[in-house]
Amino acid sequence: MKSSEIRQRFLDYFKDKGHVIVPSAPMVVKDDPTLMFTNAGMNQFKDIFLGNAAITHKRVVDAQKCLRVSGKHNDLEEVGCDTYHHTMFEMLGNWSFGDYFKKEAIEYAWEFLTKEMGLSQEQLYATVFEGSKDDETESDMESFRYWQEYLPDERILFGNKKDNFWEMGEMGPCGPCSEIHIDLRPENERKLLAGRELVNKDNPLVIEIWNLVFMQYNRKADGSLEPLPNRHVDTGMGFERLCMAVQKKTSNYDTDVFVPIIDKIAELSGINYGKDEQSDVAMRVVADHLRTIAFSITDSQLPSNVKAGYVIRRILRRAVRYSYTYLNQKEPFMYQLLPVLVKVMGQHYPELEVNIDLITKVIKEEEASFLKTLDKGIKLLEKIVEKTKQENATMIPGNVAFELYDTYGFPLDLTELILREENLGVNREEFQHEMEAQKSRSRSASVVDTDDWVDLVADAVEEFVGYDYSETDVSIIRYRKVATKGKTFYQLVFNVTPFYGEGGGQVGDAGYLVGSDERIKIWDTKKENGLIVHLVDRLPKDLTQTFKAEVDYYRRTLVSNNHTATHLLHNALRKVLGEHVGQKGSFVSDEYLRFDFSHFKKVTDEELEEVASMVNAMIRSNIPLNEHRSLPMGEAKELGALAFFGEKYGEHVRVVSFGDSVELCGGLHARTTGQIGFFKIINESAVSAGVRRIEAVTADKAEEIIVNQSRMMKEVEKLFKSNRSLLENISLLLQENEDLKKELEKFAEDGVKILKEGLKNEIKTVRDVHIILKRLDTPAANVKDIAFQLRGEYEKLIFAVGGSANGKPHLTVMITNPLVQEYGLDAGKIVKTAATEIKGGGGGQAFFATAGGANSEGLNKAIEVIKTLIFEKIGQN
């Protein structure tokens with residue numbers, strides 16, 4: 001049974017059981033401050049579990065793209081080393097929201113595995129929660145009894161809180177879970193040792209394939225549990241593990257999910273899979289990480305140096321590192337695997353094929369960039385090796401190894417591999433100390449202490465009215481205290497709010513909460529788990545009164561103008577550059593707008609002018625906002641609304657139109673385009689391969705830039721005191737500057753000639769060796785020029801000059817080749833030794849070397865050092 005059939009049969013089975021098939025949410029999470037990536041199938045349903053969103057369908061089934069790089073069994077550095085853990089994986093899940101519970105969940109799971117998938121009943125085990133004294137919870141005998149209908153007691157095991165109690169986080173919905181494990185060992189091994197002895201013991205062939213979570217509690221901030229008003233079922237089955245079991249393999253990587261990719265890696269590298277453990281690990285790493293990187297790019301998360309982008313870059317660089325070290329790939333090659341990935345997964349995930357060009361360009365550029373970094377790191381390591389050997393040491397310090405890891409992406413094992421070839425090692429204890437210190441700093445920077453919500457109104461539902469109002473009467477229905485980075489503030493939730501919570505690239509509203517005798521500033525508004533939360537520094541004196549919530553209308557207008565401008569910009573870019581242009585990210589504030597889009601080369605000045613002209617034409621047309629607040633997705637697409645992979649859309653969507661600009665959008669907009677006033681592009685740049693960025697301003701900010709530019713031009717015109725145009729005056733000035741530059745170069749050449757002739761007159765001769773040893777305070781470039789001129793005039797010459805220019809000392813040593821060979825002189829070593837006197841460093845070749853430094857007062861001493869080193873070799877007479 002092929003993997004594509006296994007996935008489809010899972011969806012169809014639960015559809016027949018009354019479940020609605022929903023699409024996978026994006027793997028990259030955008031509007032949840034607690035998550036960077038979807039790490040479980042339940043993430044997209046958090047709002048329902050928390051009671052912050054209405055239940056649309058009581059039964060749901062999906063195949064969800066997930067990413068895990070930390071946590072239980074998910075250390076990134078271990079992925080590829082075993083056969084059943086991954087970074088990106090698919091989670092098959094069925095869900096019940098206040099509908100069926102343990103009995104049906106267990107029944108469906110058993111029937112699907114044994115009848116639909118044909119797995120042997122004799123190889124299956126179930127675990128149930130044993131209870132917890134700390135939480136005062138009893139063992140899950142209800143699940144145990146249901147499992148007794150299908151399994152003998154010896155194959156139903158009790159598990160502890162670590163393995164059989166699932167929690168969303170430190171706070172929130174949670175509950176006991178029942179895991180299904182399968183024993184894939186050969187029959188002779190199963191007879192020797194029962195599988196029950198290996199459940200949850202990290203055996204690669206006795207593994208968990210399905211987890212049935214029964215959400216029935218809410219974990220409070222103080223650690224206590226309270227029953228949820230509605231009980232839910234949340235199940236998750238590892239798709240890759242299921243394929244391994246059904247296809248009777250002993251490794252996930254031996255299934256048709258991975259084999260075509262690994263076969264292509266073997267073809268490109270010329271190394272067969274299964275012949276060597278190190279190259280096998282490397283192939284598994286590349287095959288796994290390729291999927292993660294490709295899907296993240298389709299979700300508009302590009303590799304970068306911050307947050308989620310940093311995680312993706314780290315994963316990509318790990319794959320490059322393994323292919324470089326163990327597959328001998330010194331040039332980009334991972335991008336060549338993408339057509340195979342599309343063939344394997346593109347049918348269920350069409351976003352892969354749609355974005356194939358972008359994914360290819362991004363991966364190829366990232367590979368090339370990191371290979372250069374690796375090369376730099378290896379050269380640095382070679383210098384470290386040389387220094388360590390000179391000091392007769394056998395270990396390099398741990399902090400040096402950590403710098404290689406942190407700056408150049410060298411893991412400890414790669415550093416140790418290179419060092420072993422030189423009979424050297426690393427101080428592992430120091431390395432681990434540096435690693436823990438970094439992790440500690442990271443944890444300290446992100447610690448947030450959040451109290452439980454205090455509900456003032458039971459079962460109240462929040463309503464957003466910000467599309468129509470900027471102020472309204474409100475009541476506080478819940479609040480909580482939050483402490484982070486030494487700051488304490490409060491989150492408030494209203495029964496109704498005109499405040500827009502940050503989302504979709506648009507900043508949140510600010511404004512005031514006005515009570516009977518106080519006015520409290522709302523300094524930001526966020527969305528969290530389906531709630532719009534208003535951030536304030538203090539609580540009102542009387543929490544139960546009716547308040548007026550007032551949005552800062554002027555600020556909102558500026559934000560709305562910029563948001564509408566991004567839609568007009570997107571529309572114009574697609575017309576000018578082509579329909580391949582798609583949004584890859586945006587930021588909209590009251591100050592400016594930023595728009596990232598797919599395009600494979602720099603936008604020319606002429607194209608930018610055309611785009612800006614088109615946007616301003618739409619502004620002058622004063623096109624009114626046309627919106628559909630809640631339209632079925634199918635009807636929205638019929639209207640031509642642009643939807644983007646990487647965004648999460650519901651069954652009903654909001655469509656925003658300005659003329660032929662039609663997009664799905666939940667943000668705030670200008671009532672008419674004329675409200676924007678004027679649009680001006682201030683910068684165009686590259687974000688990464690295949691993604692460009694435009695920054696622009698509108699209204700007051702655009703006017704301010706134009707006024708300032710006009711004022712500056714007038715000031716420049718005054719400086720010339722001429723009747724000629726500004727352009728003519730600047731052209732003449734540039735020409736005069738060029739002429740003067742040529743004259744200065746001529747003077748400099750003449751000066752160098754004069755200096756050279758003066759130095760020739762000061763040459764000292766020791767036997768047949770001509771020596772120039774002098775302090776000369778002139779630029780280092782001039783000294784180098786003189787040295788090479790004299791090198792052509794004397795067969796046996798030692799030229800050693802120290803000097804200072806602009807307060808910076810420099811040393812230059814040039815030795816003609818016959819003297820290098822005859823006396824064993826080495827300019828590089830001489831300069832390196834002398835440079836310590838000027839608190840600097842340098843080097844070069846045996847015949848020529850230079851150094852710079854920071855201490856001009858040490859120049860004379862440095863020249864003396866050079867003199868001593870030279871005469872030690874050639875003698876005084």
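This report covers the overall build of the chain, one buried helix and one charged surface patch.

**Overall build**

The model is predicted. The chain has 877 residues, and 51% of them count as buried. It holds 25 helices and 36 strands. Along the principal axes, its C-alpha atoms fill a box of roughly 105 × 85 × 55 Å.

Contacts in the chain often link distant parts of the sequence. Of those between residues at least 6 apart in sequence, 68% join residues at least 24 apart. The accessible surface is about 41,800 Å². Carbon and sulfur atoms account for 48% of that surface. As for charge, the chain carries 111 positive and 136 negative charges. The mean positions of the two sets lie 4 Å apart.

**Helix α11**

Helix α11 spans residues 338-345. Its buried residues are Leu338, Val340, Leu341, Val342 and Met345. These residues pack against one strand segment, β3 (88-97). They also pack against helices α8 (259-269), α9 (277-298), α12 (351-354) and α13 (356-390).

Take Leu341, which lies in α11. Is Leu341 buried or exposed? Its relative accessible area is 0%, so Leu341 is buried. Neighbours within four places in sequence aside, Leu341 is in contact with six residues by name: Ile261, Leu290, Arg291, Ala294, Gly346 and Leu352. Arg318 sits 23 residues from Leu341 along the chain, and their C-alpha atoms are separated by 19 Å.

**The negative patch**

Which residues form the negative surface patch? They are Glu736, Glu738, Asp739, Glu743, Glu745, Glu749 and Asp785. Helix α21, residues 726-761, gives the most to this patch, with six residues.

Glu749 is one of the patch residues, and Glu749 is found in α21. Its relative accessibility is 46%. Partly exposed covers the range between 20% and 50%, so Glu749 falls in that class.

**Two residues side by side**

The table sets Leu341 beside Glu749.

| Residue | Helix | Relative accessible area | Class |
|---|---|---|---|
| Leu341 | α11 | 0% | buried |
| Glu749 | α21 | 46% | partly exposed |

To recap, Leu341 is buried in the model, whereas Glu749 is partly exposed and belongs to the negative patch.

Definitions and conventions: Residues numbered from 1 in each chain as written. Predicted model: local features only at pLDDT ≥ 70, side-chain atom pairs only at ≥ 80, totals over all residues. Heavy atoms only, no water. Patch = residues over 30% accessible without salt bridge, like charges linked within 9 Å, V, L, I, M, F, W, Y side chains within 5 Å. Areas by Shrake-Rupley, 256 points an atom, 1.4 Å probe, with all protein chains shown as cover. Salt bridge = Lys/Arg side-chain N within 4 Å of Asp/Glu carboxyl O. Lys, Arg positive; Asp, Glu negative; His and termini not counted. Charge placed at Lys NZ, Arg CZ, Asp CG, Glu CD. Helix = DSSP H or I, 4+ residues; strand = E, 2+ residues; numbered from the N terminus. Buried < 20%, exposed > 50% of the residue type's maximum accessible area, 1.4 Å probe, protein only. Contact = heavy atoms within 4.5 Å.
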